[in-house]
Amino acid sequence: MMKLNTVRDFLAVAERGSVRAASRQLGLAQPAMTRSIQELEKELGTELFERRARGVTLTPMGEVFLRRAQALRSEMRRAQDEIDQLKGERHGHLRICLSSGAHMALLPGALRPFRQRFPNVQLEVIDAVLPRVERELIDGTLDFYIGPSYDEPTGELTVEKLFDNERVVLARKGHPLAGARSLAELVDAEWVTTSVTHRAEDELTPVFASRGLAPPRIVVQAHSALTFFFIVAYSDLLMMLPVQWEHSAPFAGLLQRIDVGEKLQAPPITVVRRASLPLTPAGEYFCDMIRRAAAHR
């Protein structure tokens, strides 16, 4: 029977890259750590690490086991959090992901009441979109995602729509195309895309194609709100972003909307979570605060 301690030791070695560093992290003797890994490999009937002069790397089998071990650790942590919170305690850990639009539209209204209700829950917030974190949702290492969902997620996930959204074309202040009044006037511009779609061209090309226009010239695919901002603010590249960007105080001073006449639909803002397992009470409460913030937009 596999022991939880051996899984813990495996994760420490995999994440630190050496038996020595993992031993220091866990406060164990290095020989004991080595025996623990050898015991796990014997039980699984395969090598999990390749030993090298400067540490270890995961074998292909080790990579497979790592995903399962991380999911197991997350579920054990979540189970302990759920039991404690059902007993009335207010500590635990919540790991969530919000898109940039969800950050701007919903997080300010949800954070304060959540912190008042669960002041000792450690909140880990990631800035990304669904394709970047879908595997983590399925593995259980991420509690839930709030943001746009373009493609139909796998059946292991459930999607709850919060509100419909729209996009605007943003550029730096003083951009030479600032006076454009249609997408046709922007066909020769260079564009940045987000990672909201698995392929960069799938985000903007359908918007232009539906109006009989040639595909836009996509030169950068970016993965974080800060990257969006700095690229657009300090270059002539354009972006099509959720309308929340236009009214966000931190960015409005350096960005401006190019007021094209076309209405630019955005994928709806959603909550995506695993279909098979419930959230902890803290996770459910945070989702409730997000729903309330969405209703009061």
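## Salt bridges between and within elements

The side chains of E190 and R217 are joined by a salt bridge, with N and O 3.1 Å apart. E190 belongs to strand β7 (residues 190-193) and R217 to strand β8 (residues 217-221), so this pair ties together parts of the chain that are 27 residues apart in sequence. E190 is partly exposed, at a relative accessible area of 32%, and R217 is likewise partly exposed, at 42%. The model described here is a predicted one. In total, 24 salt bridges are counted in it.

Another of these pairs is formed by E39 and K3, whose side chains meet at 3.7 Å, N to O. This salt bridge also links distant parts of the chain: E39 lies in helix α3 (residues 30-44), whereas K3 lies in the segment before α1 (4-16), and 36 residues separate the two. Both partners count as partly exposed, E39 with 36% relative accessibility and K3 with 47%.

## A pair within α4 and its network

R78 forms a salt bridge with E75, and the closest N and O atoms are 2.6 Å apart. Here both partners belong to one helix, α4 (residues 60-86); because they are three residues apart, about one helical turn separates them. An α-helix has 3.6 residues a turn, so residues three or four places apart point the same way. The two partners fall into separate accessibility classes: R78 is buried, at 3% relative accessibility, while E75 is partly exposed, at 24%.

Salt bridges that share partners extend beyond this pair. They join E75, R77, R78, D81, D143 and R274 into one network.

## The nonpolar cores

The largest nonpolar core holds 25 residues, and the members that touch the most others are L106, F114, F144, I146, L162 and F286. At least two core residues come from each of β3 (91-98), α6 (107-117), β5 (144-148), β6 (157-172), β11 (264-274) and α11 (281-295). Helix α11 makes the largest contribution, with eight residues.

The contacts of L106 illustrate how this core is assembled. Leaving aside residues up to four places away in sequence, L106 touches I146, L162, F163, I269, I290, A293, A294 and R297. Separate from this core is a second one of 17 residues, which includes F10, A12, L48 and V56.

## Two helices with a buried side

In α6, the buried residues are L107, A110 and F114. Around the helix axis they cover an arc of only 70°, which places them on the same side of α6. The other side of α6 carries the exposed residues P108, R112 and Q116. The buried residues of α6 pack against β3, α5 (100-105), β4 (120-127) and α11. One of them, F114, is also among the residues of the largest core that touch the most other members.

Helix α9 (residues 225-233) has A225, F228, F229, V232 and A233 as its buried residues. Their arc around the axis is only 105°, so they too lie on the same side of their helix, α9. The packing partners of these residues are α5, β4, β6, β9 (238-242), α10 and β10. Both α5 and β4 therefore appear among the partners of the buried residues of α6 and among those of α9.

## A nonpolar surface patch

L226, F230, Y234 and L254 form a nonpolar patch on the surface, and their accessible area together is about 430 Å². L254 is located in the loop between α10 (249-252) and β10 (255-258). With a relative accessible area of 36%, L254 is partly exposed.

## A loop contact distant in sequence

A275 occupies a place in the loop between β11 and α11. Although A275 and E156 are 119 residues apart in sequence, their C-alpha atoms are 5.6 Å apart in space. Apart from residues up to four places away in sequence, A275 touches G155, E156, L157 and T158.

Technical notes:
Residues numbered from 1 in each chain as written. Predicted model: local features only at pLDDT ≥ 70, side-chain atom pairs only at ≥ 80, totals over all residues. Heavy atoms only, no water. Core = buried A, V, L, I, M, F, W, Y, C linked by side-chain atoms within 4.5 Å. Buried < 20%, exposed > 50% of the residue type's maximum accessible area, 1.4 Å probe, protein only. Helix = DSSP H or I, 4+ residues; strand = E, 2+ residues; numbered from the N terminus. Contact = heavy atoms within 4.5 Å. Patch = residues over 30% accessible without salt bridge, like charges linked within 9 Å, V, L, I, M, F, W, Y side chains within 5 Å. Areas by Shrake-Rupley, 256 points an atom, 1.4 Å probe, with all protein chains shown as cover. Salt bridge = Lys/Arg side-chain N within 4 Å of Asp/Glu carboxyl O. Arc of directions from axis to C-beta.
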